[in-house]
Amino acid sequence: MASIVENRGVAVLLCLVLVSSVEVSDGAVYKVGDSAGWTTIGNVDYKQWAVNKNFQLGDIIVFEYNPQHHNVMQVTHAEYRACNVSSPISTRTTGNDSIAIDTYGHHFFVCGVPGHCQAGQKVDINVPRAPSVAPSPSGLPSPVPAVAMNVVFEKVGWLMLILQLLYMFG
Ligand SMILES: *[C@@H]1O[C@H](CO)[C@@H](O)[C@H](O)[C@H]1NC(C)=O
Ligand SMILES: *[C@@H]1O[C@H](CO)[C@@H](O)[C@H](O)[C@H]1NC(C)=O
Ligand SMILES: [Cu+2]
């Protein structure tokens, strides 16, 4: 009897741990250009770098570069295409800039040093809205719960397994 109560206590604890890990499901960290970083050296193909990434809300994009030679400017799509840095949305210059991606859609970044964007120092971080989720009545899309539920089901699957093991051996 005592061992069942004990095991239930363990199960509840595991449950709490699993649930809390769902809630803090934090974003991935992506270093732009990987080991090359943010540079014009070596003709890094930032389009290729970004294309197979599955960016999600909450991900952190890190730009690492020599601040004496480069910077990071967020620009509009048109400015990105034209490499026009005359009125960036934001500018970063530390050489180690972490940018949290917390909105859906495209986030366009270029280096504002003359010639660098034209040379290919530009990247498009796209967070696509989850497909096959009906728009909510307010018109605001809300795919986050769908993603969260997937995570929950994944965790619940583990929980059921653990509970089964506890009952088998408890
Ligand atoms: C650059 O962008 C600014 C603001 O978006 C715009 O006013 C300007 O005409 C653009 N310059 C060129 C050369 O396209
Ligand atoms: C950049 O910052 C992160 C933490 O924000 C740190 O771990 C990393 O070592 C830094 N990189 C450089 C080159 O300073
Ligand atoms: Cu540059």
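# Sheets, core and ligand shell, question by question

Q: In which order do the strands of the open sheet with mixed pairing stand in this predicted model?
A: This open sheet is formed by 3 strands, which follow one another in the order β1-β2-β5, and the pairing within the sheet is mixed.

Q: Why do β1 and β5 count as standing at the edges?
A: β1 (29-31) and β5 (96-100) each have a single partner strand, so one side of each is left without a neighbour in the sheet. Averaged over this sheet and with direction ignored, neighbouring strands are turned by 20 degrees against each other.

Q: How do you know that β1 and β2 pair, and in which sense do they run?
A: The test for a pair is at least two bridges between the strands, and β1 and β2 are joined by 3 bridges. They therefore count as a pair, and the two strands run parallel. Within this sheet, Y30 has I61 in β2 standing opposite.

Q: What makes β4 and β7 the edge strands of the antiparallel sheet?
A: The 4 strands of this open sheet stand in the order β4-β3-β6-β7, with antiparallel pairing. Its edge strands are β4 (90-92) and β7 (122-127), each of which pairs on one side only. Neighbouring strands here are turned by 25 degrees against each other on average, with direction ignored.

Q: How do you know that β3 pairs with both β4 and β6?
A: At least two bridges are needed for a pair. Strand β3 (residues 72-75) has 3 bridges to β4 in the antiparallel sense, and β3 also has 3 bridges to β6, again antiparallel, so each of these counts meets the requirement. On the β4 side, M73 stands opposite T91, while on the β6 side the bridge partner of V75 is F108.

Q: What shows that β6 and β7 are paired?
A: Strand β6 (residues 105-110) is joined to β7 by 6 bridges, and the two run antiparallel; set against the required minimum of two bridges, this count makes them a pair. One position along them is G105, which stands opposite V127 in β7.

Q: Where do these strands fall in the order of elements along the protein chain?
A: The protein chain has 4 helices and 7 strands, and from the N terminus on its elements run α-β-α-β-β-α-β-β-β-β-α.

Q: Which residues touch the most other members of the largest nonpolar core?
A: The core has 19 residues, and those with the most other members in touch are V32, W38, F63, V72, F109 and V110. Two or more residues each come from β2 (60-64), β3, β6 and β7. Leaving aside residues up to four places away in sequence, V110 touches M73, V75, Y80, C83, V85, C117, Q121 and K122. Over the whole protein chain of 170 residues, 16% count as buried.

Q: Why is C83 called partly exposed?
A: Partly exposed covers the counts between the limits for exposed, 12 or fewer, and buried, 20 or more. C83 has 19 C-beta neighbours inside 10 Å, which places this residue between those limits and therefore makes it partly exposed. C83 lies in the loop between α3 (77-82) and β4, and it has a positive phi of about 55 degrees although it is not a glycine.

Q: Why is D34 called exposed?
A: A residue counts as exposed with 12 or fewer such neighbours, and D34 has 10 C-beta neighbours inside 10 Å, so D34 meets that limit. D34 is found in the loop between β1 and α2 (46-51). Although D34 is not a glycine, its phi is positive, at about 50 degrees.

Q: How do you know whether S86 is buried or exposed?
A: S86 has 8 other C-beta atoms within 10 Å, and since 12 or fewer is the limit for exposed, S86 is exposed. S86 is in the loop between α3 and β4. The C-alpha atoms of S86 and G112 are 8.8 Å apart in space, while the two residues are 26 apart in sequence.

Q: Which residues lie around ligand 1, and how does this shell divide by character?
A: The residues around ligand 1 are E79, A82, N84, S86 and S87, and the shell divides into 1 nonpolar, 3 polar and 1 charged. Ala counts as nonpolar and Glu as charged, so A82 is the nonpolar residue and E79 the charged one.

Methods:
Residues are numbered from 1 along each chain as its sequence is written. Chains are lettered from A and ligands numbered from 1 in the order in which they are written. This is a predicted model: local features need pLDDT of at least 70, side-chain atom pairs count only at pLDDT 80 or more; totals for chains, interfaces and linings use all residues. Axes are lines fitted to C-alpha atoms, for helices over the stretch in contact, and angles run from 0 to 180 degrees between N-to-C directions. A residue is near a molecule or strand if its C-beta atom, placed from the backbone, lies within 6 Å of it. A nonpolar core is a set of buried Ala, Val, Leu, Ile, Met, Phe, Trp, Tyr and Cys residues joined through C-beta atoms within 7 Å. Two residues are in contact if their C-beta atoms, placed from the backbone, lie within 7 Å.
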